[in-house]
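Colleague: Could you take a close look at one part of this model, and then place that part in the wider picture?

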Amino acid sequence: RCLPNYCEHGGQCSQSWATFYCDCNNTGYTGATCHNSVYEQSCEAYRHQGKTSGFFYIDSDGSGPLGPLRVFCNITEDKIWTAVQHNSTGFTRVQGAGPEKPYIMSFNYNSSAEQLEAVINSAEYCEQEAAYHCKKSRLLNTPNGMPFAWWVGRANEKHLYWGGSLPGIQQCACGLEESCLDMRYFCNCDADREEWTNDTGLLAFKDHLPVTQIVITDTNRSNSEAAWKIGPLRCYGDRQFWNAASFNTEASYLHFPTLHAEVSADISFFFKTTAVSGVFLENLGIKDFIRIEISSPKEITFSIDVGNGPTEATVQSPTALNDNQWHYVRAERNLKQTSLQVDNLPKKVLEAPAEGHFRLQLNSQLFVGGTASRQKGFLGCIRSLHLNGQKLDLEERAKMTPGVKPGCPGHCSSYGNLCHNGGKCVEKYNGYFCDCTNSAYEGPFCKEEVSALFEAGTSVTYTFQEPYPVTKNASTSSSAIYVDAVVSKENIAFSFLTSHTPSLLLYINTYFHEYLAVILSKNGSLQVRYKLSKDGLLIFTIDSGNFANRELHHVKINREGRELVIQVDQVLKLKHNFSEIDFKAIKSLTLGKVTDSLSLDPEVSKANAYGFTGCLSSVQYNHLAPLKAALRHPSVAPVTIKGSLTESSCASMMEADVNTATTIYSSSDPFGKTDEREPLTNAVRSDSAVIGGVIAVVIFIIFCIIAIMSRFLYQHKQAHRNSQKKEKEYPENLESSFKADIDLQNTVSECKREYFI
């Protein structure tokens, strides 16, 4: 039953009397026949799993013949970059290379050419940096000469243009931009000067990438030298992940070539619909067929017939699937099983019969979004359709098909929940992105903290717009005419890390001399202090511990009308209802030391004398992010910065501060850290002392053992000498004397052997 071997991708086949089994260990694939890749097809797919930047394996053709490839996914911005390293991404110096003895470097990407081509073809854009630093070393020998250097790309094709230029044009970037050092040449290096210069740019024509080899032939003259660098292959954009089509009528469909999948087939896609039923795809044979459909609002059915009669695998969802949200479907058929997976619901698996027909023979076109009979068509969107790892371009086919439109709007309805911390989901034609403008966080999902290091005296003040002149005699009710400066609530959130008390963390004041202050008292307790024109000073103290303990603490202060809620480290600490509150007409918000001469109560003044020394992170006030504005847009935002403000990571500082035993603290530094070399030196000295002590003990023990053994051997040798003297002085007869001599010789011989050992 293992001949032929139906275990795919190198799976090991074994058999019983009735069936065969596949061992998929260490193949990178899974399933009954090792058909399914355990890896995603792109970095874009990992991003939607909530992954952060790092090294991943991607399998560009899924269940296809190409194996997984290790890449670096840079998931730090809207564009998700995929980088493939090669064996020489740094600068390399070259001397002594000429036309007869050229310098040649070939690049190894630890992958096959087909794997790299699959990554490039599925991306929207790819590039490789090409840099050539030269001193009396020509590059392309422009304008009319034969090039002295060139690179080889895909299909082993030689290319005579350099980074920043266009294919077919023997120039460098400065030639296109008309900015070369010598305008007679199209590359800086072609001027052949004695001083160092360079030609650097990006190779971005996808059909020529990746760079597989570089050849240099002009560094063999006197004082001639060059240094080159070819960067890693970098691509962004998954052309297939958002490749979608919208089906507007039940009679509309897309058709593709016949699905050839006699012994194994897998089909995966996303769909979104409001219809109660419809066929996603269908492919017919003379008797055989394959079909996937939404048979009811809560059911997806996978039907197949290989000649033994129809088999149906149905997955039932507890909730409606026609909710206009994206849902994922994966259907698979092989010699052992027929299976259907919908979203994260339990997979439906049907075992294949041991006997009978097993080859799926189809001959019609593949219909997507409808059927050959043009009945029970699908209304809605289908995207990212894969058949046996092959990607079907729905958008390109939809452009020429009536009743079907390329693309599909409404991604935020499904993926908007991936935008965190107040980030807003914004639709794009081929996806979405998270707008973090009004969030205190940043990054592709608004989850990366924005934090800064404050020193004694550092102050960040955000000034609110004053839309109408405020006079000293203005009544509280008149503040209703304000726009930006008038608020009826405070939604405040921030994180802090410090070891200093007392400290003033946050201060908000109004045009009517009211204020809200958040301070750390001398004993490390947290205080929220409201000074109101009617109720006077209200103090709310959180004394559940010392918050100046060099640990990161998260504070949330929410006031909606008269109700105040304070949370610290995700734990509700206090709830209060004001009898009456009219905290309006906000003038400014200050982080750290308040520099303006204001009438503060004594406790706040005491804290303000020290300001704040430590790390503040992700400060949010209603829809504003004052700390982020100070760090990212200091020249545009109404922010005033005084003192030293250094961007840092509070979370990483806390991790680095866990082991403080070898750290020497200083009051001048926010966290008492001195020169990092000093703790390292102390650690080295400490380790050296321990190692020296151990070596001394070992040497002492060895000397003791040698002394004891030497004494024992000396005593043993002395005893044999005494025995020899006695035998010689008192022989009883010749025979006994002869025996004694023999014994003595043997003893001495044994003694010698023992002594020398």
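Colleague: Why does C13 count as partly exposed?

Modeller: C13 counts as partly exposed because its relative accessibility is 23%; buried means under 20% relative accessible area, exposed means over 50%, and partly exposed is the range in between, computed with a 1.4 Å probe on protein chains only. Before going further, note that this is a predicted model, in which local features need a pLDDT of at least 70 and side-chain atom pairs count only at pLDDT 80 or more, while totals for chains, interfaces and linings use all residues. Residues are numbered from 1 along each chain as its sequence is written, and side-chain values use heavy atoms, with hydrogens and water left out.

The partner of C13 is C2, and the sulfur atoms of this disulfide are 2.0 Å apart, where a disulfide is a pair of cysteine sulfur atoms within 2.5 Å. The pair joins distant parts of the chain, with C2 in the segment before β1 (12–15) and C13, 11 residues apart from C2, in strand β1; strands (E, at least two residues) and helices (H or I, at least four) are DSSP runs, numbered from the N terminus. The torsion about the S-S bond is about -80°, so the disulfide of C2 and C13 is left-handed. C2, at 17% relative accessibility, counts as buried. In the segment before β1, where P4 is placed, the peptide bond from L3 to P4 is cis, with omega near 0°. A cis bond also leads from L209 to P210, with omega near 5°, and P210 is placed in the loop between β13 and β14. Such bonds deserve mention since most peptide bonds are trans.

A search of the whole structure finds 13 disulfides, including two others that can be set beside the one at C13. C381 and C408 have their sulfur atoms 1.9 Å apart, and the torsion about their S-S bond is about 80°, so this disulfide is right-handed. C381 lies in strand β28 (residues 380–387) and C408 in the loop between β30 (404–406) and α5 (412–415), so the pair ties together parts that are 27 residues apart in sequence. Both C381 and C408 are buried. The loop between β28 and β29 (390–391) holds N388, which has a phi near 50°, a positive value in a residue other than glycine, and which is buried, with a relative accessible area of 17%.

The sulfur atoms of C419 and C434 are 2.0 Å apart, and the torsion of about -85° about their S-S bond makes this disulfide left-handed. C419 sits in the loop between α5 and β31 (424–428), and C434, 15 residues apart from C419, sits in strand β32 (residues 431–435). C419 is buried at a relative accessible area of 10%, and C434 counts as buried at 8% relative accessibility.

Elsewhere, two buried polar residues show what surrounds them. D190, placed in the loop between α3 (173–177) and β13 (197–203), is buried yet has no salt bridge, the nearest side chain of opposite charge, R138, being 6.7 Å away; a salt bridge is a side-chain nitrogen of Lys or Arg within 4 Å of a carboxyl oxygen of Asp or Glu, and Lys and Arg count as positive and Asp and Glu as negative, with His and the chain ends not counted. A polar atom of the D190 side chain does lie 3.1 Å from the backbone nitrogen of L140. S252, in the loop between β17 (244–247) and β18 (254–256), is buried at a relative accessible area of 4%, and its side chain reaches the backbone oxygen of T249 at 2.6 Å.

As for confidence, the mean pLDDT of the protein chain is 81, and 85% of its residues reach 70 or more, pLDDT being the predictor's confidence in each residue, from 0 to 100. Confidence is highest in strand β14 (residues 213–216), at 95, and lowest in helix α10 (residues 734–756), at a mean of 38. Over residues 724–757 the pLDDT is below 50, and beyond near neighbours in sequence this stretch has 11 contacts in the model, a contact being heavy atoms within 4.5 Å.

Definitions and conventions: A polar contact is a pair of N or O atoms within 3.5 Å; within protein, one must be able to donate a hydrogen and the other to accept it, and residues adjacent in sequence count only if both atoms are side-chain atoms.
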